Amino acid sequence: MERYNAQEVEPIWQKKWVEKGIFKSEENTNKSKYYVLEMFPYPSGKIHMGHVRNYTMGDVIARYKRASGFNVLHPMGWDAFGMPAENAAMQRNTHPAIWTYENINNMRSQLKLLGLSIDWEREIATCDPKYYVHEQKLFLDFLKKDLVVRKNSKVNWDPVDKTVLANEQVIDGLGWRSGALVETKELTQWFFNITKFADDLLLKLDDLKRWPDKVKIMQDRWIGKSTGVKLHFEIKHKTQNIIDKTLEVFTTRPDTLFGASFCAISPDHPIANVLSKENLEIKKFINTCQKQGTTLANIAKAEKIGFKTGITVNHPFIKNKELDVYIANFVLMEYGTGAIFGCPAHDQRDLDFANKYQLEVIPVVLPSNQDSKSYKIINEAFTGDGTMINSDFLNNLSIADAKNLAADTLEKIKINGQAQGEKTITFRLRDWGISRQRYWGCPIPIIHCKKCGVVEVPRNKLPVTLPEDVSFDVPGNPLDRHPTWKHVSCPKCNSPAERETDTFDTFVDSSWYYARFCSPHSEEVLDSKAVDYWLPVDQYIGGVEHAILHLLYSRFFMRSMKITGHVKIDEPFDGLFTQGMVTHETYKNTKGEWLFPEEVKIENNTATHIDTGEEIIIGPIESMSKSKKNIIDPNAIVSMYGADTARWFILSDTPPERDIQWTDNGVEAANKFIQKAWKIIYEGEKYVCKKEEGIPLNFTDEAMKIRKVTHKIISEITEALDNLRFNRAVAYIYELSNSLTTIITDKPKNIDTSMAWALRESLEAYCKLFGPMAPHLAESCWNHLGHTNLLAEQPWPTYEKKLIINETSVIIVQINGKKRGEIEISIDAEQKEVEQKAFNVENVIRAINDNTIKKVIYVPGKILNVVV
RNA sequence: GCCCCUGUGGCGGAAUUGGUAGACGCGACAGAUUCAAAAUCUGUUGUCUUAGGGCGUGCUGGUUCGAGUCCGGCCAGGGGCACCA
């Protein structure tokens, strides 16, 4: 027998698939469609094991669905804009475009080695003007429908690099590259009006039945809807520069108003701002708060500090009661109105604050097990359910009723001609800022004219492309300092004007790429026929790290594209699957330096350096990362074992949503299977009938046995793949392998025609079943069984129901819930019959002994439990 | 602090949703083959045992004829959010 040589064989099948174009997809309204999509990669230069896992899983689904008769769309592209290209440009003095396209070429060829069933003719790169011209059109469409707003916002500004930093690039208040103290700068920026859909984005989460709950919960909390009351406290005493007559406060607990003992505003509140100008101590205090916000977050989190402003407000319900207004470090300007009233008894933060400044603590909610006279709050606020006390007209009500009554009452009271309070809904979600002061992104198609203001670039002048002659040797945005690029004439009045030099956040690029894949070459933004046919994505697969932003932005884009008439539906992804990470042991030498796995030799649980023999410490298992060097290069695995081994390993043993640990033993086992399967087909083929032979009338018991196993396993694997349980599918493949091995190693000499037929049936099903997971091997096996067509074009095997139902079943006999024996009996046997047989089992007789039988429970086909 | 997930042999993990716990794989041990090794194949492999069984799914209590699965309380590990009024 020839050893199966994956490295030699795999390219041959890959070439055949391409030649026959079997992964090309076209709209075909006669067939049900199935759109499989994996999150497209950032072209960093090399694929990593995370990619292998992601794309292998998608490929299994794509191949399985294709075999199951679906018209499958399975495209691939590149999330090609973004900062790493600019960083590379700075470090290596190359152009971002050159670096990016080189990386794309590398990664494309690496991905192709994996034998993925991708329609490469649909490939897109977001940095391609042919792609982003449509993004610019979409932006202008959104602008017309008021989905885009322009407003001021604070950004992290690195004064050395002269650039805006993302939050994650600010480390302890310093720029990650320059180390400069990051400043807060106010810039006018473009925003997508995502808050417009806040309610709908929240509500429709319920309809996403095939999304992980985890992701839905995260989005729910991110949107952060809360219902409450916006209260206008009348300001009683104030300093001269304060012009406000009321202090606006948001609360979800209007029921606790009678327990209010102070008000507090955020250090960033406009009133605090005014005060800081007239009072140096307040200014100092605010500065301390702001420092704590970034650097000392962990230390400061416990301590609640405040500053008494001297301003007081009137209590809305209690005449002549005034509350002091503090500036407090724990009040956030970004949430609600940036001001609160404090009810220490029923909010821990407020209680901590009140205890520090000796403010009164009035309990207004009484837990059911407490007495109102003795009930006191000392160090722990009570946030549970109860009845109202010390609350005048709210007394004895439940919290819910008190909330309603308090809110209704506030709406009726008028101060300064307006209601004192109104029911309000607030969201944590804020509008999506999309302006980035960077070069390597999609230009925002806007021109700023001194006379006409903000002017759209006319559609026929799109795309606004990036200038190529830029340098990265000086800090700052190359678009801004380019000698000619930004200077244009106003499309409206023709006078000198300037281009917008900001580019889009790269999340914009990835918020609609899945739609563009439906018609990647269309002159329109989206071809409605294609989009209506293919969308939504039936199965989207990617890392959970995109649970919020990318997925929420995409959901926003679909809604917006619906308003602009590009699509007809709201939700982009019908099914979502978030796969786990790939992990590996870590290795360090005694100096504490990380080592690559290939530098380490492990014997009997002790590790030594492969060259020097020095002692190596085996560290914890962590997700593969360059910094810890615990990485395995997919290329190395593919060139050593072939793609099928890598694919097989990544699918085996570990459930796909969990982290998978990469081990050498695991890879060996995967490779062993590849060889074993080939051997089964190679040896088994000697005994099978001709492929055109018809089904025999009768089967021997032996033949029947293998047929039954085969059909059972077809049904199991079908179910496993329907539920993305790849590890279980692999286990069932092994089971069939074992059954087939037994037959083949027995080398049946007088094989009869029914066995020859059953064996062919089984071997062909076998190939088809592992086909989606090890596609190259499957083609070789299919070919060896005498077929000249491609397995990738064969239909998924079906099972006969009657072959997976047994005529007899094994009934477990229990005494008091403990297994005491088993009997085999016809599937439709009556309970009486089962009992009779069971009571003749030696073990059962012994166990019952002299005890009297109290009760007998019979679960048909499964269990007979005798209670004695 | 809050929320979510996970906890089953030496290891990765199965268990049709309340019905034989440990499928399948790895590792280990034994045997076959071999001059020998690798590879391959065949067994054995939760644990204690007086060989009848006993005990076993993080701990603990409960519901049930019957619990890995359901409910209450805890413990541990991982992830997410974090002063959200």
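This is a short walk through two places in the structure above, a threonine called T337 and an enclosed cavity. Keep in mind that the model is predicted.

Let's begin with T337. To find it, look for the loop that runs between the strands β14 (322–328) and β15 (339–342). Is T337 buried or exposed? Its relative accessibility is 16%, and because residues under 20% are called buried, T337 counts as buried.

Now look at what surrounds this threonine. Leaving aside residues up to four places away in sequence, T337 touches K230, E248, V249, F250 and H269. One of these neighbours, F250, deserves a second look. Its backbone nitrogen sits 3.4 Å from a polar atom of the T337 side chain.

Next, let's turn from a single residue to empty space. Rolling a probe the size of a water molecule over the atoms shows where empty space is left. How many cavities of 30 Å³ or more does a search of the whole structure find? The search finds 1. The largest cavity holds about 150 Å³ of space. It is lined by 13 residues, and those closest to its centre are R63, A67, P772, L791 and A792.

Which helices help to build this lining? Both α2 (49–67) and α24 (775–784) supply at least two residues each. The biggest share comes from α2, which gives 3 residues. Finally, consider the chemical character of the lining of the largest cavity: 7 of its residues are nonpolar, 2 are polar and 4 are charged.

Key
Residues are numbered from 1 along each chain as its sequence is written. Chains are lettered from A and ligands numbered from 1 in the order in which they are written. This is a predicted model: local features need pLDDT of at least 70, side-chain atom pairs count only at pLDDT 80 or more; totals for chains, interfaces and linings use all residues. Side-chain values use heavy atoms; hydrogens and water are left out. Helices (H or I, at least four residues) and strands (E, at least two) are DSSP runs, numbered from the N terminus. Buried means under 20% relative accessible area, exposed over 50%, partly exposed in between (1.4 Å probe, protein chains only). A polar contact is a pair of N or O atoms within 3.5 Å; within protein, one must be able to donate a hydrogen and the other to accept it, and residues adjacent in sequence count only if both atoms are side-chain atoms. Contact means heavy atoms within 4.5 Å. On a 1 Å grid over the protein atoms alone, a cavity is a set of points where a 1.4 Å probe fits but cannot get out, and a pocket is an open set with protein on both sides within 12 Å along at least five of seven lines; lining residues have an atom within 4 Å of a point. Grid points are joined across faces, edges and corners, and a volume is the space filled by probe spheres set on the points. Ala, Val, Leu, Ile, Met, Phe, Trp, Tyr, Cys and Pro count as nonpolar, Asp, Glu, Lys and Arg as charged, and the others, Gly among them, as polar.
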